[in-house]
Amino acid sequence: MEYVGLGKTDLLVSRTALEVRALKDESDTEKAITLIRAAYEGGINFFDTCRSYGDAEEKLGYAFYGMRKDVRIASRTQGTSAMEVHRDLAASLEAVKTDYFDIYLLEGTDFVPGPGSADGMYDALSIAKADGIVHHMGFSTHSLELAKEAVESNLYEVLRFPFHMLCREEVLELVSLCEKNDMGIIASEPLADGIITSVPLAFGFLRQYESVAPVWNIATDENLQQVLYFESHPPVIDQQFRDEIAAERSRITL
């Protein structure tokens with residue numbers, strides 16, 4: 001497993017990360033815990049969750065009970081006020097059975113929260129960071145415009161944004177902007193929410209960007225082992241590979 005520094009944070013994270021969203025639908029808690037632990041044993045030390053993921057947070061907490069210091073966990077809130085940020089943060093901390101998050105992100109707003117704004121969200125997150133409950137602050141969005149604004153604001157250390165081989169040129173420019181500003185990137189939707197079916201192509205494309213940590217939404221051990229295989233045997237980025245990427249981009253229209 002390769003590990004990279006996530007932007008200006010002091011975090012060293014696995015270049016392959018696990019999003020636990022799919023595990024909220026897993027009725028067998030022990031099966032979910034086994035999958036999470038298998039990811040860790042395969043070298044993954046970075047896990048992505050959210051308050052809206054239901055009991056997936058509890059499953060993550062059970063999986064890493066007594067070994068919190070060995071993993072890096074990012075969570076986020078879709079709250080729209082300081083009160084809701086505090087509420088979601090407290091609930092997630094309890095669910096994951098931890099007293100801090102390595103990264104905590106604001107998500108789902110139609111603006112970039114900043115210091116002193118009436119909504120109070122950024123200030124609430126800043127207080128949590130000062131108290132040691134949050135180690136690094138991040139912003140999550142699907143809006144390219146808001147993503148650029150967040151990067152250029154220098155208010156956040158990490159950006160969570162959809163990034164995959166079907167993305168437009170403007171998204172590649174966003175990645176370059178993040179690198180220029182030493183901002184870590186959590187790449188959500190590496191398979192474009194299921195539109196991309198070729199894991200080798202998706203994996204190889206993202207592997208070209210050392211500042212990017214893709215979070216794979218994995219529900220089965222078979223899918224986990226496939227991703228871990230390509231972690232150990234990354235696709236060769238040659239002209240044939242680029243031609244296959246181009247062919248997929250031509251075939252699929254988002």
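This passage walks through the internal spaces, cysteines and salt bridges of a predicted model.

Start with the enclosed space. The count comes to 1 cavity of 30 Å³ or more, with a volume of about 50 Å³. Its walls come from Arg15, Thr16, Phe203, Leu206, Arg207, Tyr209, Val212, Pro214 and Trp216. Two elements, helix 7 (199–207) and strand 10 (212–217), each put two or more residues into that lining. Sorted by class, the cavity lining has 6 nonpolar residues, 1 polar residue and 2 charged ones.

The pockets come next. The largest pocket holds about 280 Å³ of space. Its lining is made up of 16 residues, and those nearest the pocket centre are Leu191, Trp216, Asn217, Ile218 and Asn223. Trp216 therefore turns up in two places, since this residue lines the largest pocket and also the largest cavity. Strand 10 and helix 8 (221–232) are the elements that supply two or more residues to the pocket lining, and helix 8 gives the most, with 3 residues. The class split for this pocket is 8 nonpolar, 4 polar and 4 charged residues.

The second largest pocket offers about 200 Å³ of space. It is lined by 12 residues, with Phe161, Pro162, His164, Cys167 and Val171 closest to its centre. Here the lining breaks down into 8 nonpolar, 2 polar and 2 charged residues.

One of those lining residues, Cys167, leads on to the cysteines. The model has 0 disulfides. For Cys50, the closest cysteine sulfur belongs to Cys178 and sits 20 Å away, which is too far for a bond because a disulfide needs the two sulfur atoms within 2.5 Å. Cys178 is not in a disulfide either, as the nearest cysteine sulfur, in Cys167, is 12 Å off. Cys50 is buried, at 1% relative accessible area, and Cys178 is also buried, with a relative accessible area of 1%.

Charged side chains pair up in a good number of places: the count is 16 salt bridges. One of them joins Arg207 to Glu2, with the closest N and O atoms 3.6 Å apart. This pair ties together distant parts of the chain, since Arg207 is in helix 7 while Glu2 lies in the segment before strand 1 (3–5), 205 residues apart. Arg207, already met in the cavity lining, has a relative accessible area of 15% and counts as buried because that value is under 20%. Its partner Glu2 is partly exposed, at 39%.

A second salt bridge brings Glu19 and Arg21 together, at 3.0 Å from N to O. Glu19 is buried, at 3% relative accessibility, whereas Arg21 is partly exposed, at 26%. In another bridge, the side chains of Asp88 and Arg87 meet at 3.0 Å, N to O. Asp88 is the buried partner, with 7% relative accessibility, and Arg87 is partly exposed, with a relative accessible area of 49%. Beyond single pairs, salt bridges with shared partners connect Glu19, Arg21, Asp48, Arg76, Glu107, Arg160 and Asp193 into one network.

Methods: Residues are numbered from 1 along each chain as its sequence is written. This is a predicted model: local features need pLDDT of at least 70, side-chain atom pairs count only at pLDDT 80 or more; totals for chains, interfaces and linings use all residues. Side-chain values use heavy atoms; hydrogens and water are left out. On a 1 Å grid over the protein atoms alone, a cavity is a set of points where a 1.4 Å probe fits but cannot get out, and a pocket is an open set with protein on both sides within 12 Å along at least five of seven lines; lining residues have an atom within 4 Å of a point. Grid points are joined across faces, edges and corners, and a volume is the space filled by probe spheres set on the points. Helices (H or I, at least four residues) and strands (E, at least two) are DSSP runs, numbered from the N terminus. Ala, Val, Leu, Ile, Met, Phe, Trp, Tyr, Cys and Pro count as nonpolar, Asp, Glu, Lys and Arg as charged, and the others, Gly among them, as polar. Buried means under 20% relative accessible area, exposed over 50%, partly exposed in between (1.4 Å probe, protein chains only). A salt bridge is a side-chain nitrogen of Lys or Arg within 4 Å of a carboxyl oxygen of Asp or Glu.
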